[in-house]
Amino acid sequence: MDALLDREATKYRATWADPQYRVVSPGARHLAFALDWMQPEPYSSFTDWGCGTGRVAAELCAREFDVRLVDIAANAYEGELPFVEACLWALADDLGPTDYGFCADVMEHIPTERVDDVLNGIARRTRRACFFQIALFHDHHFTSNGPLHLSVFPFEWWEDKLRAHFGEVEVKMVRRKHILAVCKP
């Protein structure tokens, strides 16, 4: 395991051990909007990239989608759905694609030098579309284990990154604080 991966995995295991970090699910508030935007077919498969507590995945499952969860910290998710403990920039080759992806409040947490690796890995494993919600600001909460938002860049920077890895990209900005995107291969 490389030093960066080890450091980030250790940081997130410690962060998820804090019960207060589990209170809010930034991605959950965007799920209905994401589904309306992507229009996934009934019973499609989804990967929740950086799933955290799995609230989004549980809602997707309740809507009868086939769901897989991926997170760097095994202690983030405590449910029963299929879970893969994996670093998003070092995904196993045998981790196959799903129809759709959901990646909210994750990309700003990725070390800048690994952003392209993560986007490439998600793009290679997305058949139809992936929704992204990316914060454009530094987060000063829960930093006792180190800063959480490592890749804070303007809207245009993120739009260029997404376009470099996906064939079709639709983006929106929300109050100059978040980029929302649906990206298709």
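## The largest pocket

Let's start with an open space: the largest pocket holds about 760 Å³. Its lining is made of 37 residues, and those closest to the pocket centre are Trp 16, Tyr 21, Pro 26, Asp 105 and His 109. Keep in mind as you look around that this is a predicted model.

Which elements give two or more residues to this lining? They are helix 1 (3-16), helix 3 (55-62) and strand 4 (98-104). Helix 1 gives the most, with 3 residues. Sorted by class, the lining of the largest pocket has 18 nonpolar residues, along with 12 polar and 7 charged ones.

## Aromatic pairs

Now for the rings. Across the whole structure, a search finds 10 aromatic pairs. One of them joins Trp 16 and Tyr 21: their ring centres are 4.6 Å apart and their planes meet at 75°, so the pair is edge-to-face, since an angle over 60 degrees counts that way. These two residues are also among those closest to the centre of the largest pocket. Are they buried or exposed? Trp 16 has a relative accessibility of 10% and Tyr 21 has a relative accessible area of 13%, so both count as buried, the cut-off being under 20%.

Tyr 77 and Phe 83 make a pair with another geometry. Their ring centres lie 5.9 Å apart with the planes at 25°, so this pair is stacked, as the angle is under 30 degrees. Tyr 77, at 11% relative accessibility, counts as buried, whereas Phe 83 is partly exposed, with a relative accessible area of 26%.

## An aromatic cluster and charges over rings

Phe 33, Trp 37, Phe 102 and Phe 131 come together in one aromatic cluster. If you pick out Trp 37 from that cluster, you will find the charged end of Lys 172 sitting over its ring, 4.9 Å from the centre.

There is another lysine to look for: Lys 177 lies over the face of Phe 137, and its distance from the ring centre is 5.4 Å.

## The hairpin of strands 6 and 7

Lys 172 also leads to the next stop, as strand 6 covers residues 168-174. Strand 6 pairs with strand 7 (residues 178-184) in the antiparallel sense, over 7 bridges. As an example to trace in the structure, Val 169 has Cys 183 in strand 7 as its bridge partner.

How many residues lie between the strands of this hairpin? There are 3, and in this hairpin Arg 175 takes a positive phi near 45°.

Terms used. Residues are numbered from 1 along each chain as its sequence is written. This is a predicted model: local features need pLDDT of at least 70, side-chain atom pairs count only at pLDDT 80 or more; totals for chains, interfaces and linings use all residues. Side-chain values use heavy atoms; hydrogens and water are left out. Two strands pair if DSSP finds at least two bridges between them. Helices (H or I, at least four residues) and strands (E, at least two) are DSSP runs, numbered from the N terminus. On a 1 Å grid over the protein atoms alone, a cavity is a set of points where a 1.4 Å probe fits but cannot get out, and a pocket is an open set with protein on both sides within 12 Å along at least five of seven lines; lining residues have an atom within 4 Å of a point. Grid points are joined across faces, edges and corners, and a volume is the space filled by probe spheres set on the points. Ala, Val, Leu, Ile, Met, Phe, Trp, Tyr, Cys and Pro count as nonpolar, Asp, Glu, Lys and Arg as charged, and the others, Gly among them, as polar. Rings of Phe, Tyr and Trp (its six-membered ring) pair if their centres lie within 6.5 Å; planes under 30 degrees apart count as stacked, over 60 as edge-to-face and the rest as tilted. Buried means under 20% relative accessible area, exposed over 50%, partly exposed in between (1.4 Å probe, protein chains only). A charge sits over a ring if NZ of Lys or CZ of Arg is within 6 Å of the ring centre and within 35 degrees of the ring normal.
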